[in-house]
Structure formats: structure tokens, C-alpha cells
Amino acid sequence: MAYGFLDIASTPSVKAAQAENGSLDLWTKAGANRTFDRFTEAEAAFIAGRDSFYMATVSETGWPYVQHRGGPAGFVKVLDDKTLGFADFKGNRQYISLGNLKADDRVSLFLMDYPRRARLKIFARAEIRDLSSDPDLAERLALPGYKARVERAMLFHLEAFDWNCPQHITPRFTEAEIAEAVAPIRARLAEIEAENAALRAKLADGAR
Ligand SMILES: Cc1cc2nc3c(=O)[nH]c(=O)nc-3n(C[C@H](O)[C@H](O)[C@H](O)COP(=O)(O)O)c2cc1C
């Protein structure tokens, strides 16, 4: 059965909170719970541009745990319209997310595009794969030239996603994005400096 993000998120206590705060009707009326259970081109393009995301797992003791995953832009691959995958790098060897996933495969993913002030949230079930025995998957998740030791593949089987509004997102830019934006200013500055140097040289000649 196709279902929406709020079918998962709206637990009884969430519904009670909505009722207490007067928004239960807002989120139960027809069409409010949009069904987003297959990635479209819009999500694929958004995911292809990301260089990081946040992943929440659930511990056996019920604690939520959030960790950051990063890589070159596009390191999370849309394998099909229900599946994401990425190469998980060696880190501090605490293996908290990995251990949590062995007990409970549910994840909540949070992907941010700060410059465009957009955010995508995803409910999925994770699957851990050994890349050494799966060359096809290894090729699909490969990141040529990126310096990191890959320990495993993580696949995410989509349950539902939803987009959030841009409210309260401060635009932030990477070094590469800033370098691109200021490139014309740098070029103009270099021109002006060269012109200034030439004028100073002329002045010095005239003073002799
Ligand atoms: C040498 C090294 C040291 C790290 N130290 C930390 C750390 O102290 N705290 C942290 O949150 N992440 C640290 N990281 C990043 C995490 O290891 C990485 O995000 C990893 O995927 C965490 O997974 P986990 O939190 O699910 O165990 C370190 C990574 C490396 C390579």
C-alpha cells in the first residue's frame, strides 16, 4: 500500500499533540498527507547535488542517534526510485550507527541544500552490504579520486519522503561555491592591480 510521510510520523502521541495545538484537522484533511514513496527526477537531482546528509538511527535502548555522513557531491546514489546507496567510509571506529542498524534497520535521513534553502527528509530501512563480494554495487557507488577508505555499502530502501519549507534556513556556501561566486571579482581586482602598477610605473618614469 502506498502511504505518506505522515502515516509513519503521525503516531498517537503526535496526533494528540496536533489536536492539543489545533492542527489535527490540517493534517488529516484529504490530500494533506501527500504520498511520496518513490523518488522522482526532482529528488534525484537534489540528492545528486548533496555532499553530506544527517542520518538518525534508533538504539536498542530507545535513544535516537544522529550522525553526519559526507563525501564528494553526488556520493549518495539514487540506485532506483525506491533505493539510495552510498559507500560508508572508515571513521573513528565507534560503529554506533552500524550497531544500531543491526538491531533496528529504520533510519531517518535529513538532506540540506543551504544555498537554495531546501531540505528533504526521508524515512527508510537500511541494508548493509559487503562491497568486496558485490563488484557491480561497488562500481555504482565508486568515487574515483576521493581519498577515503570504504568499509561497506549502505543501502536505504525508501518508505516515504517529504520536503520542508525554506523557513529559518540561513544560506551557507562551500569554499568551492564561494570561489566560483567571487571569481569575477578576483579577475577584476587583478586587472585593476595591473592597471595601477602600470600607472605607478608611468608616474615614476615622469618623475625622473
Ligand atoms: C580519525 C577519525 C576520528 C574521528 N573522530 C570523531 C569524533 O571524535 N567524534 C565524531 O562524532 N566523529 C568522529 N569522526 C567521524 C566519524 O568517525 C564518522 O562520522 C563515522 O562515520 C561515525 O560513525 P558512527 O557515529 O555511526 O559510529 C572521526 C573520523 C576519523 C577518521
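1. Two strands are taken to pair if DSSP finds at least two bridges between them. With that criterion in hand, strand 1 (residues 52–58) and strand 5 (residues 106–113) run antiparallel and are joined by 3 bridges, and within this pairing Tyr 54 stands opposite Phe 110 of strand 5. The model under discussion is a predicted one, and the remarks that follow should be read accordingly.

2. As to the overall make-up, the secondary structure of the chain comes to 7 helices and 7 strands, and from the N terminus on the elements run α-α-α-α-β-β-β-β-α-β-β-α-β-α. The chain is more spread out than a compact globule, because its radius of gyration is 24 Å, well over the 17 Å that the globule rule gives for 208 residues. Along the principal axes, the C-alpha trace spans about 90 × 50 × 30 Å.

3. Strand 5 also takes part in a second antiparallel arrangement, in which 8 bridges join strand 5 to strand 6 (residues 118–129). Asp 113 has Ala 118 in strand 6 as its bridge partner, and the hairpin formed by strand 5 and strand 6 has 4 residues between the strands, with Arg 117 taking a positive phi near 55 degrees.

4. Strand 4 (residues 83–89) deserves a separate point, since 7 of its 7 residues are buried. Strand 3 (residues 77–80) is joined to strand 4 by 3 bridges in an antiparallel sense, and the hairpin connecting strand 3 to strand 4 passes through 2 residues. Asp 80 stands opposite Thr 83 of strand 4 in this pairing.

5. Strand 4 pairs as well with strand 7 (residues 150–164), again in the antiparallel sense, over 7 bridges. Here the bridge partner of Phe 89 is Val 150, which lies in strand 7.

6. Turning to burial and contacts across the chain, buried residues make up 30% of the 208 residues, whereas 7 of the 7 residues in strand 4 are buried. Among contacts between residues at least 6 apart in sequence, 72% join residues at least 24 apart.

7. On surface and charge, the accessible surface of the chain comes to about 13,400 Å², and 54% of this surface belongs to carbon and sulfur atoms. The chain carries 28 positive and 29 negative charges, and the mean positions of these two sets are 5 Å apart.

How values were computed
Residues are numbered from 1 along each chain as its sequence is written. This is a predicted model: local features need pLDDT of at least 70, side-chain atom pairs count only at pLDDT 80 or more; totals for chains, interfaces and linings use all residues. Side-chain values use heavy atoms; hydrogens and water are left out. Buried means under 20% relative accessible area, exposed over 50%, partly exposed in between (1.4 Å probe, protein chains only). The radius of gyration is taken over C-alpha atoms; the globule rule is 2.2 Å times the number of residues to the power 0.38. Contact means heavy atoms within 4.5 Å. Accessible areas come from the Shrake-Rupley method with a 1.4 Å probe; for residues, only the protein chains shown count as cover. Lys and Arg count as positive and Asp and Glu as negative; His and the chain ends are not counted. The place of a charge is taken as NZ of Lys, CZ of Arg, CG of Asp or CD of Glu.
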